[in-house]
Amino acid sequence: PPGSPPLSALSQVLRLERNRRTGVVFPLQKLARYLAPGVDTTRFGLFQPGLDALQRAEAFFRSGRHHVIDYVSSAVRMDHAPPPVLPEVCFIGRSNVGKSSLIRALFSLSPEVEVRVSKTPGHTKKMNFFKVGKYFTLVDMPGYGYRAPQDFVEMVEAYLQERRNLKRTFLLVDGVVGLQKTDHIAVEMLEDFGLPYVMVLTKIDRASRGLLLKNVLEIQEFVKEKTQGCFPQLFLVSSLEFSGVHLLRCFVAHVTGNLPTVEAS
């Protein structure tokens with residue numbers, strides 16, 4: 001659509017030459033090429049949908065007359081949250097990890113959807129609910145760590161424990177700095193509650209290839225050794241260059257039960 005950034009649509013990505021196309025759609029696989037021989041790469045391609053699935057997923061993120069994508073409401077407490085009718089995914093992460101920017105990138109094909117991106121970290125003090133037609137809801141959670149609201153923990157813990165339509169939690173980690181102490185606290189919380197979650201590395205355009213590889217391997221090792229509920233494949237994204245955004249849209253559509261034929265272990 002006019003007004004949406006370049007590469008936000010799959011059709012634009014498909015015009016790129018093959019190597020760049022892989023880099024945008026499967027950034028982790030492109031990175032895997034630079035690994036030392038003998039490194040096990042099975043965890044790099046557990047979720048590897050074909051073009052058909054990627055296109056079907058994209059359609060959910062493109063609003064139309066019969067498919068309305070809308071910011072529904074904000075809630076400070078669970079009793080203010082919209083009724084838990086649709087399958088839901090939530091995005092959590094440290095205050096300046098680029099959460100709202102990623103959600104904006106996911107919805108970039110529907111520019112009328114208003115995702116507030118704040119200049120000051122820690123500005124998202126509420127849970128923001130976005131309804132994607134009659135298919136699923138996406139929730140932008142308040143950032144934790146630096147400048148987190150006082151009642152943050154209560155709000156987020158209550159949400160994670162009580163929200164029975166929650167299908168997957170996306171835990172965003174800064175691709176430049178890797179796992180921080182506050183991220184470990186979030187991981188512990190998700191593990192304690194026995195919730196399935198996924199780790200998403202953001203801002204990959206800001207990290208050198210060497211640094212990114214180091215962070216990816218360290219986090220992958222951590223996930224393998226120390227977690228039970230985390231999906232073994234990391235997702236790498238750049239909200240600026242749209243790397244990994246198409247794959248993430250597909251994974252969201254998949255975990256909310258909207259792409260029944262796509263396999264992911």
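Student: What makes the largest nonpolar core of this predicted model a core, and which residues have the most contacts inside it?

Tutor: A nonpolar core is a set of buried residues of nonpolar type joined through side-chain atoms within 4.5 Å. The largest such set here has 46 residues, and those with the most contacts inside it are Phe91, Leu102, Phe107, Phe170, Phe235 and Leu248. Its largest share, eight residues, is supplied by helix α9, which runs over residues 245-255.

Student: What does Leu248 touch, leaving aside residues up to four places away in sequence?

Tutor: On that count Leu248 touches Phe91, Leu102, Leu106, Phe170, Val200, Phe235 and Val237. A second core, separate from the largest one, has 43 residues, with Leu28, Phe44, Val139 and Met199 among them.

Student: Why is helix α5 called roughly perpendicular to α9?

Tutor: The axes of α5, residues 99-106, and of α9 come within 10 Å and cross at roughly 80°. Angles of 65 to 115 degrees count as roughly perpendicular, and the crossing angle therefore makes α5 roughly perpendicular to α9.

Student: Which residues make the contact between α5 and α9, and how do they divide into nonpolar, polar and charged?

Tutor: From α5 the contact is made by Leu102, Ala105 and Leu106, and from α9 by Val245, Leu248 and Arg249. These residues divide into five nonpolar, no polar and one charged; Arg is counted as charged, whereas Leu, Ala and Val are counted as nonpolar.

Student: Why is Lys99 called buried?

Tutor: Lys99, which lies in helix α5, has a relative accessible area of 5%. Buried means under 20%, so Lys99 is classed as buried. Not counting residues up to four places away in sequence, Lys99 touches Phe91, Ile92, Gly93, Asp140, Met141, Pro142, Gly143 and Leu172.

Student: How do you know that the protein chain is as compact as a globular protein of its length?

Tutor: Its radius of gyration is 17 Å, which is close to the 18 Å that the globule rule gives for 265 residues, so the chain is as compact as a globular protein of that length. The C-alpha trace spans about 50 × 45 × 35 Å along its principal axes, and the chain contains nine helices and seven strands.

Student: What share of the residues is buried, and what share of the contacts with a separation of 6 or more joins residues 24 or more positions apart?

Tutor: Buried residues make up 54% of the 265 residues in the chain. Of the contacts with a separation of 6 or more, 75% are between residues 24 or more positions apart.

Technical notes: Residues are numbered from 1 along each chain as its sequence is written. This is a predicted model: local features need pLDDT of at least 70, side-chain atom pairs count only at pLDDT 80 or more; totals for chains, interfaces and linings use all residues. Side-chain values use heavy atoms; hydrogens and water are left out. Buried means under 20% relative accessible area, exposed over 50%, partly exposed in between (1.4 Å probe, protein chains only). Helices (H or I, at least four residues) and strands (E, at least two) are DSSP runs, numbered from the N terminus. Contact means heavy atoms within 4.5 Å. Axes are lines fitted to C-alpha atoms, for helices over the stretch in contact, and angles run from 0 to 180 degrees between N-to-C directions. Angles under 35 degrees count as roughly parallel, over 145 as roughly antiparallel, 65 to 115 as roughly perpendicular and the rest as oblique. The radius of gyration is taken over C-alpha atoms; the globule rule is 2.2 Å times the number of residues to the power 0.38.
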